[in-house]
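Trainee: Hi, do you have a few minutes to go through this model with me?
Mentor: Sure, pull it up and ask away.
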Amino acid sequence: MAIAGIVWACADSGEENFSMFSPEAFVAKEYTPFFYDASYWYYSGNVEVDDNNNRFNDQIVSEWDAYFNDQLSKPTLRYLLLKASQKGIDSANNYVNGKITKLKPDSIQINTSKLDKAKFNNLFAYLKLAKECEKFAVIAPYGWYDTPPTLPPVSAKLESSLSSAFNNSKDPFIKQRLWFQLVRYYFFNDDTIKSKTGAIDNKAGILVWFNNYKGTFPQNLTYYRAMGYVAGYYRRKGNYALSNYLYSRCYDYSYELKIPSKFSFHAQQETDWRATLKLAKTNAEKITLWHMLGMEYDPVRAVKEIAALDPKSDKMDLLLSRIINMSEGEGESNFSGKVADSTQQAIKKAEVTEVNLIDSIALKNNNTKPYYWNLAAGYLNYIYKDYKKAAKFYDVAKKQLPANDKLITAQYKLLTILLNIDELQRIDSKTEAKITEPLTWLVNLRDGKEKIAALRFDPALGICANHIAQIYQKQGDWLKANCFKDSITFYTDSSHVQKLVDLMTKPQKSAFETTMLRYYPHTLDELYYHQATLLTYKEEVDKALQKMSLVKKMSPDTLYANPFNSRLNDCHDCDHVAHQKQKFSPLTFLKTMQSIKTDLKAGKDVYRNAWLLANAYYNITYYGNGRLFYQSAIIGAIDFDPGYISAPFQKMVTSQNIAEKYYLLAMANAQTDEQKARCTFMAAKCERNEYYNQYSANNKNSEIEQAPVPTSGKYFADLKNHYSNTKYYQEVLQECGYFKRFVTGK
Amino acid sequence: MGNRSFRRYLGVIILACLLGSCKKSESVNTAFYYWKSTFSLSAQQSDILKQSAGNNLYLRFFDVNWNSQYHNAFPNAIINFNQRANSLKITPVIFITNSTFENIAANAVDSLAIHCSALVNTIVLKQKINYKAIQIDCDWTLNTREKYFSFLKSFKKVNGHFLEATIRLHQVKYMETTGVPPIDKGVLMFYNMGKVTTNASQPNSIYNQADAVKYISRIAEYPLPLDVALPLFSWSVHIRDGKVIQIYGNIGKKELSNTANFIQNENMYRAKKSFFLNGIYIKESDNFKLEEISLVTLKNAANQLAPHLHPQKNRTIIYYELANLNLSEFNAQSLNQISADF
């Protein structure tokens, strides 16, 4: 039985089911398509299982392979049975009978000397008819048809050809297949079943053929496929009871039949369902019916019914996994506190019914997988926050776990870790020692150092880390709290960051510390970069440079524009594409700043150096061409509005104070009116940017583009009153509409 | 396209004013939608269609869905004719899911238009139906606007008939962002305006005055001639564990009034047990919120909307829909009275 390609994808995308309970650990593989999936009809969006035209192909080939006793290769059989046209069949037949010498296509081979000719003739005769039948039975499911799928005309002789072939056939293998073809033929072509409203006609071809010979053949796939068509006949007639009953028998037979049977199972009214139940001849049949109802509609009710009929029935396994996985979905909103009060009560009531039922069955310990029930009951109680009860069930389960089952053992471990961590109230060094191993195990799973197929561990990392962080927070241990749950406010204080740096660079770390740091998302480089950033905005350039020098892999590594240049109108893109003789990295930027500062201190060329420094400090704010400087892994890179910059750093990277200070210093040392005009206008820009900063701080829900135009301010007036004689003044008039409006009053 | 239609529309207004009838347009047509996939009218349905709507029927021909398995758009629920429709005045309607346009490649839109038009023409040919106009129904959004509009352009080019499309209230309110489709005429869907919630006291989501107010003010600005679609349906909202899980048109007052199955509290009906009903599984304690449109509500809706519409000659009021029409509540006379309000 091939169930390929069904893999629980871990952590790669945010869209999969929220789950920490793997049905794979407890439920038979043949139920895999029906594992709970919040988004898809079949588990993990596996649409191949829904392919009605190809579902039985592998089985069919295997059956014929057995019939031929390996005389024909599987690819050859596959071609003849599934792919070849009538012409292809004829050609193969001609080859076997020596009428042609070359077999086509090249991919098939027939060794005629080894071949049982009689059997081949059987196959040939059967295929002639079967291919004819496929014209109406195997149809492409979708297309731009005018009436939904139009069936090609069926040869008038087909019915009699099929029945005479059936009557003449001596080979039971062939005969059963012809019987199947006849049943299917009547499903598609019998006039009496075409109308939906017609009553069931016991003389209908499909029923006559099925009933007359159903006892003649082995109850194999072909038998149950024929039964499936009979069920379809009843369904079409609106006799849901008979149809459901037959579908449930098919469902029970094999993996391949489960999907179409489940899909077709339907009750229109309650009377249909009651009548369905009445048709069940044994408790086992009744259980399958409840199982099917549970899978589609109501697992809790179904489990209750099944447990009463046979507490050992494995038909509850799938249902239990679906109950748990569905509750996790509910639990997820509990975890994140999203559930509205008004719905709480209704949910609570459903939870109680559910937990009580699962508890009561688990407590009996009388089914085939008591460990499964105890784990499930424990986990359900954990989800609904009854930790005491959860622990009790887990304890019982522990003693019942099958030996050497890696997945089940891991599942048990995962669930108990979740419970133990959630139960923690305080964490001292003893506790740390105790939780080191489980936390390491989880993080090893995350990093692929430990691999357990099908284990759904991913959400556990976040849940455990969050809870631990909360406890440390309460205990005032902000450093450890931040390792488990990274928070941006932590990085406002350089000494905090230094503590983290110290911890990361400490040569002798405890086992707990080593594990804890694996939960922490940032690298040492990122911390150094961040420290350098903070120091830069504090104007401690020497220290900043020191920190920046420690960064091994710089990110960001190159600034887009020359940060020492200024521009009348802010245009970052223009600056970015402008020719740059020298490209600055954050490090060379700081180095240059340092040398400018040294010169400035020494009183060298004060106007020019103050001007350059002012530009640099302007450019590394939100408004400048070098904002990339602060857009690190820690502060983040969202830049379309200052309101979206990480709150603790908004002021630092938007404030114009430093830039303005240096523009004013430059002005005080300027020699020409041109220079002064320039400095005044740049100070005006700082003044106006501060206005936008204020607007952004006071209007949380708007963006600065919506801000009203700022008042003209001090520096516009200065520019107008003192420097209208300059060339630069004319440039400003040309470029800056706000200034022009201020001057002209228009 | 939009502009041209707008000019034509202005022309109509100006002409109407010149003739001195700017107050109210004289001729209003009544029509019905028919949305089931099997076309089969009862004698009463035929009667009301003839008497109130002069056999004007907007007939859903097929849906177009996105098939994620085959990564392609396919027609779905193609109409089956159990009786002749060629004596009626049929306007074919195609319902296209928005997800079709979310998924389809931009360069596949033209061929979708060709397919749709060809399928419509095959059906009309077979049924010997003549049609003058065709209507597309799609709840497009900002993301699908471009592809949907280019579909409409292609469709018009291929099909050639007068092209109408449904316009939802949010598309009127936010016309700048959702855009105005390149069509000859819009049909304003004046229903499904409220939120579907679990709250019993929340006003009817099909139509309620308060929600309508939020959308109604911009209708007059809409730059296309508009017909109007009004709701003639009811539904029940299936609520489980405090959450809306489905909406059903086939569970109504008749089903919910069965006291063996439900306990009623105003418009809420709580299931007394777990059972199947009309193909739906109902769990004990599930709630059904019944939302109905009565003659009075319908009249209120018409009265609220009418003053906001630009006068328009030959406006058609299309009622949704004929197959599920409650004939004990509505008759030809009452519907004609409502249409006359426009």
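Trainee: In which sense do β13(B) and strand β14 of chain B pair, parallel or antiparallel?
Mentor: Antiparallel, with four bridges between β13(B) and strand β14, which covers residues 268-271 of chain B. Keep in mind as we go that this is a predicted model.
Trainee: Got it. Which residue stands opposite B:Q264 in β14(B)?
Mentor: That would be B:Y269.
Trainee: And what sheet do these strands sit in?
Mentor: An open sheet of five strands in chain B, in the order β12-β11-β17-β14-β13, with antiparallel pairing.
Trainee: Which strands stand at the edges?
Mentor: β12 (243-248) and β13 (262-265) of chain B. Each has a single partner strand, so one side of each is left without a neighbour in the sheet.
Trainee: How much twist is there from one strand to the next?
Mentor: The average is 25°.
Trainee: Switching to β3 of chain B. Which strands does β3(B) pair with?
Mentor: Let's take them in turn. Strand β1 (residues 28-34) of chain B runs parallel to strand β3 (residues 56-67), with three bridges. Strand β6 (residues 89-96) of chain B is also a parallel partner of β3(B), over eight bridges. With β4(B) the direction is antiparallel, and five bridges join the two.
Trainee: Can you give me some residues to click on?
Mentor: Happy to. For the β1 pairing, look at B:Y34, which stands opposite B:L59 in β3(B). Then go to B:V64: its bridge partner in β6(B) is B:I96, and its bridge partner in β4(B) is B:P75.
Trainee: How do side chains point along a strand, in general?
Mentor: In a regular strand they alternate between the two faces of the sheet.
Trainee: How many residues lie between β3(B) and β4(B) in their hairpin?
Mentor: Four. Check B:H71 in that turn, since its phi is positive, about 50°.
Trainee: OK, zooming out. How many helices and strands are in chain B?
Mentor: Chain B has 11 helices and 18 strands.
Trainee: And how is chain B divided into domains?
Mentor: Into domain 1, made of 2-232 + 295-340, and domain 2, which is 240-282. Their C-alpha centres are 30 Å apart.
Trainee: How many residues does each domain of chain B put into the contact?
Mentor: Domain 1 of chain B gives five residues and domain 2 of chain B gives eight. On the domain 1 side, that's two nonpolar and three polar residues, with no charged ones.
Trainee: What radius of gyration does chain B have, and what would a compact globule have?
Mentor: Chain B has 21 Å, and a compact globule of 342 residues would be near 20 Å, so the two agree. The C-alpha trace spans about 60 × 55 × 40 Å along the principal axes of chain B.
Trainee: What share of chain B counts as buried?
Mentor: 39% of its 342 residues.
Trainee: Now chain A. What's in there?
Mentor: Chain A has 34 helices and zero strands. The division here is into domain 1 (56-140), domain 2 (365-396), domain 3 (408-521) and domain 4 (528-744) of chain A.
Trainee: How far apart are the C-alpha centres of domain 2 and domain 4 of chain A?
Mentor: They lie 62 Å apart.
Trainee: What about the radius of gyration of chain A?
Mentor: Chain A has 38 Å, but a compact globule of 746 residues would be near 27 Å. Along the principal axes, the C-alpha trace of chain A spans about 115 × 65 × 55 Å. Buried residues account for 37% of chain A.
Trainee: Last topic, the interface. How many residues of each chain are in contact?
Mentor: 24 residues of chain B are in contact with 22 residues of chain A.
Trainee: Which elements of chain B give two or more residues to that side?
Mentor: β4 (72-76), α4 (109-127) and β15 (275-277) of chain B. Of these, α4(B) gives the most, with five residues.
Trainee: What kinds of residues make up the chain B side that touches chain A?
Mentor: A mix: 10 are nonpolar, 10 are polar and four are charged.
Trainee: Great, thanks!

Conventions:
Residues numbered from 1 in each chain as written. Chains lettered and ligands numbered in written order. Predicted model: local features only at pLDDT ≥ 70, side-chain atom pairs only at ≥ 80, totals over all residues. Contact = placed C-beta atoms within 7 Å. Nonpolar A, V, L, I, M, F, W, Y, C, P; charged D, E, K, R; others polar. Domains from an automatic or database assignment. Pairing = 2+ DSSP bridges. Rg over C-alpha atoms; globule rule 2.2 N^0.38 Å. Buried ≥ 20, exposed ≤ 12 C-beta atoms within 10 Å, placed from the backbone. Axes fitted to C-alpha atoms, helices over the stretch in contact; angles between N-to-C directions.
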